Amino acid sequence: MAVVELTKDNFESTITENDFVIIDFWAPWCGPCRSFAPTYESVSEDHDNIVFGKVNTEEEQELAMHFQVRSIPTLMIFRDNIIIFSQPGALPESAFRELLGKAGELDMNEVRAQIEADQQKGQNA
């Protein structure tokens with residue numbers, strides 16, 4: 001699957017209409033971003049069930065600010081409209097593939113239950 005350029009116009013629909021989305025927040029001037037790009041593209045070709053998106057933080061500053069991206073590249077993974085991973089830094093291909101495998105194995109019912117329990121604790125504090 002081709003990597004999708006995400007903007008404020010298509011970001012929300014991409015997240016809500018797909019079960020598994022990974023996003024690379026990057027900038028054209030960023031050396032680590034440019035060196036990670038071929039890995040990101042290569043891995044995307046092996047995962048038809050995942051939407052791979054890229055957000056150019058120079059052009060989409062509003063999105064970068066909304067998600068508090070302070071360092072690039074930053075990878076963010078959404079499953080079922082929930083952010084399950086967000087971390088700055090480029091990953092070696094093997095670590096990136098391992099991360100996607102673990103993200104795919106998560107029991108999202110368990111994740112939702114944990115979020116609900118955390119919210120209940122916050123309301124009772």
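Here is a short chat about a disulfide and a pair of helices in a predicted model.

User: Any ground rules?
Analyst: Local features need pLDDT of at least 70, side-chain atom pairs count only at pLDDT 80 or more, and totals for chains, interfaces and linings use all residues. Residues are numbered from 1 along each chain as its sequence is written, and side-chain values use heavy atoms, with hydrogens and water left out.

User: What makes cysteine 30 and cysteine 33 a disulfide?
Analyst: Their sulfur atoms sit 2.4 Å apart, and a disulfide is a pair of cysteine sulfur atoms within 2.5 Å, so the pair fits. By this rule the count is one disulfide.

User: Why is that disulfide called right-handed?
Analyst: Because the torsion about the S-S bond of cysteine 30 and cysteine 33 is about 80 degrees.

User: How do you know whether cysteine 30 is buried or exposed?
Analyst: Buried means under 20% relative accessible area, exposed over 50%, partly exposed in between (1.4 Å probe, protein chains only). Cysteine 30 has 4%, so it's buried. Cysteine 33, at 2%, is buried too.

User: Why are H2 and H4 called oblique?
Analyst: Helix H2 (residues 31-44) and helix H4 (residues 93-105) pack at about 45 degrees. Angles under 35 degrees count as roughly parallel, over 145 as roughly antiparallel, 65 to 115 as roughly perpendicular and the rest as oblique. H2 and H4 are therefore oblique to each other. (Helices are DSSP runs, H or I, of at least four residues, numbered from the N terminus.)

How values were computed. Axes are lines fitted to C-alpha atoms, for helices over the stretch in contact, and angles run from 0 to 180 degrees between N-to-C directions. Helices (H or I, at least four residues) and strands (E, at least two) are DSSP runs, numbered from the N terminus.
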